[in-house]
Amino acid sequence: MELSTQITWLFIMAIPIACIAWTVTHEEVFREPREYCLNRCHNGKTIAERKFFYLFTCEYCFSHYVTAIMLFITRYQLLFTDWRGYLIAGFALVFVANVYMSLFALIRIDLKKVRLEAENEEKKK
């Protein structure tokens, strides 16, 4: 695969990784399982239990596992055609996906700020 095609795949494959990781760790649809995981990661008896359940509450951590699944499904490799290609692709996908999630978080904060300012203006009238 040409390098330009590999880079295109990198930026496109990071989109569903970011979407899945963000949805599981932030959105309302997974609130109950996330709260259960939060409780277990704070009150677990062993460090292994606490760390395992923490994975489902942190978008950065969870994106590694989503990436591993995506690499298994797609067999995407970056720069090399052996295990090194999977390793580089994995970390590159996690990085790009987390950039996407950070940008999304900034946009959401900005939209919330604008909405709250509009509501305050409405209340003043």
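**A tour of the helices and the core**

Begin by selecting helices α1 and α4, whose axes come within 9 Å and cross at roughly 135°; helices here (H or I, at least four residues) are DSSP runs, as are strands (E, at least two), and both are numbered from the N terminus. An axis is a line fitted to C-alpha atoms, for helices over the stretch in contact, and the angle between N-to-C directions runs from 0 to 180 degrees. The crossing makes α1 oblique to α4, a word for angles that are not under 35 degrees (roughly parallel), over 145 (roughly antiparallel) or 65 to 115 (roughly perpendicular).

Before going further, note that this is a predicted model, in which local features need pLDDT of at least 70 and side-chain atom pairs count only at pLDDT 80 or more, while totals for chains, interfaces and linings use all residues. Residues are numbered from 1 along each chain as its sequence is written, and side-chain values use heavy atoms, with hydrogens and water left out.

Next, show the side chains where the two helices meet: Met 13, Pro 16, Ile 17, Ile 20, Ala 21, Val 24, Thr 25 and His 26 in α1 face Glu 59, Phe 62, Ser 63, Val 66, Thr 67, Met 70 and Thr 74 in α4, where contact means heavy atoms within 4.5 Å.

Now select Ile 17 alone, which touches Ser 63, Val 66, Thr 67, Met 70, Leu 93 and Ala 97 when residues up to four places away in sequence are not counted. Ile 17 also belongs to the largest nonpolar core, where, of 20 residues, Leu 10, Ile 17, Tyr 76 and Leu 93 touch the most other members. Such a core is a set of buried Ala, Val, Leu, Ile, Met, Phe, Trp, Tyr and Cys residues joined through side-chain atoms within 4.5 Å. The elements giving two or more residues to this core are α1 (3-26), α4 (59-74) and α5 (83-124), and the largest share, 8 residues, comes from α1.

Stay on α1 and pick Gln 6, which is found in that helix. Gln 6 is buried, with a relative accessible area of 9%; buried means under 20%, exposed over 50% and partly exposed in between, with a 1.4 Å probe and protein chains only. Leaving aside neighbours within four places in sequence, Gln 6 is in contact with Met 1, Tyr 76, Gln 77, Leu 78 and Leu 79.

Finally, move to helix α2 (residues 31-43) and helix α3 (residues 47-54), whose axes come within 7 Å and cross at roughly 150°, which makes α2 roughly antiparallel to α3.
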